[in-house]
Amino acid sequence: MNEIQRDISPIRVEERAARPISPRLYNLIIAGLIFLGFCVMSLGVNIVSTPAFLMWMSHNVLLYMLGSIVGTIAGIMLMSSAVKRQSVARSLVGFALFICTFGLMLSMVLMNYSLPTINTAFLATAGITAVFGALGLAFPQVFQRIAGVLSISLLALIVVQFVMMFLGVDQTWLDIAVIVVFCGFIGYDMYVATTVAPTVPNAVFMACNLFLDIVNVFIRLLNIVSDNR
């Protein structure tokens, strides 16, 4: 099962009094952190593909996976707490912990694909993100209404994928379905990002949510592109 799970409940951003920043800086922080996430993934591929790391991994697989999962969850919890307290320091520490552990875990997935496949999937993901991000801004009410449907659909797809894994059934159609669902989440989270106060903790938290949406699309596109080569 190679999709990255996100919080499937509606996003709630609770705020205390916080120092606002300009909308331009708010958007730049979100875009910059998402870009940083992909940079960490690229750097991680170079790290996890070294003989020394592979040798260490062969004896510490469980430790590596547990450490990555715990670090990712801890980072998300720190960012969520930072939103409630509007703590800039806590939000940045949480994102750093999240992106380092989560990015390194994703690097293990990327190293199984060729560079042309990764480039093709990345360009397609960038195009999808731009289109559905713009749709989320242009038609916010539509994405607000379908948020519940997206959450239920994702739960159903998770269950179906577990069943199909045990049955050994081809999952190409499931990859497409997951992409469609997360395209909806991209539009929805883009809309949500415009409804909260422009503060640094809010920007960091929204960057995390959008990064998870985009990564899910990216990983599924990798599967489809690699199957077609």
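Helices α6 and α7 are roughly antiparallel to each other, a label that goes to angles over 145 degrees, while angles under 35 degrees count as roughly parallel, 65 to 115 as roughly perpendicular and the rest as oblique. Their axes come within 8 Å and cross at roughly 150°, with α6 covering residues 140-167. Axes here are lines fitted to C-alpha atoms, for helices over the stretch in contact, with angles running from 0 to 180 degrees between N-to-C directions. The model is a predicted one, so local features need pLDDT of at least 70, side-chain atom pairs count only at pLDDT 80 or more, and totals for chains, interfaces and linings use all residues. Residues are numbered from 1 along each chain as its sequence is written, and side-chain values use heavy atoms, with hydrogens and water left out.

As for handedness, α6 passes α7 in a left-handed crossing; that is, the near helix is turned anticlockwise from the far one by less than a right angle, whereas clockwise would make the crossing right-handed. On the α6 side the contact (heavy atoms within 4.5 Å) includes Pro-140, Phe-143, Leu-150 and Met-164, and on the α7 side the residues include Trp-173, Phe-182, Phe-185 and Tyr-188. Sorted by class, this contact holds 18 nonpolar, six polar and no charged residues. Ala, Val, Leu, Ile, Met, Phe, Trp, Tyr, Cys and Pro count as nonpolar, Asp, Glu, Lys and Arg as charged, and the others, Gly among them, as polar. One of the α6 residues in the contact is Ser-153. Ser-153 is partly exposed, at a relative accessible area of 24%; buried means under 20%, exposed over 50%, and partly exposed in between (1.4 Å probe, protein chains only). Between the C-alpha atoms of Ser-153 and Val-178 there are 8.8 Å, with 25 residues separating the two along the chain.

Helix α7 itself (residues 172-193) has 22 residues, which at 1.5 Å a residue should span 32 Å, and the 31 Å between its end C-alpha atoms agrees with that. The expected span is 1.5 Å times one less than the number of residues in the helix. Of those 22 residues, 16 are buried, so α7 is largely enclosed by the rest of the structure.

Helix α5 (residues 115-138) also meets α7, the two axes coming within 7 Å and crossing at roughly 50°. That makes α5 oblique to α7, and the crossing is right-handed. From α5 come Ile-128, Thr-129, Phe-132, Gly-133, Gly-136 and Leu-137, and they meet Ile-179, Cys-183, Ile-186, Gly-187, Met-190 and Tyr-191 of α7. The tally by class for this contact is eight nonpolar, four polar and no charged residues.

Elsewhere, helix α1 (residues 23-48) pairs up with helix α4 (residues 88-110), their axes within 7 Å of each other and crossing at roughly 50°. The pair is therefore oblique, and this crossing is right-handed. Among the residues making the contact are Leu-33, Gly-37, Val-40 and Gly-44 of α1, along with Phe-95, Ile-99, Gly-103 and Ser-107 of α4. Here the split is 13 nonpolar, four polar and no charged residues.

Next comes helix α3 (residues 61-85), whose 25 residues reach 36 Å from the first C-alpha to the last, close to the 36 Å expected at 1.5 Å a residue. Its buried residues are Tyr-64, Ser-68, Gly-71, Thr-72, Gly-75, Met-79, Ala-82 and Val-83. An α-helix has 3.6 residues a turn, so residues three or four places apart point the same way. Right after α3 sits Gln-86, in the loop between α3 and α4. Phi of Gln-86 is near 55°, a positive value in a residue other than glycine. Gln-86 is also buried, with a relative accessible area of 10%.

Further along, Ile-219 belongs to helix α8 (residues 200-227) and is buried, with a relative accessible area of 1%. Ile-118 is 101 residues away from Ile-219 in sequence, yet the two lie 9.3 Å apart in space, C-alpha to C-alpha.

Taken as a whole, the chain has eight helices and zero strands. Helices (H or I, at least four residues) and strands (E, at least two) are DSSP runs, numbered from the N terminus. Of the 229 residues, 44% count as buried. Among contacts between residues at least 6 apart in sequence, 84% join residues at least 24 apart.
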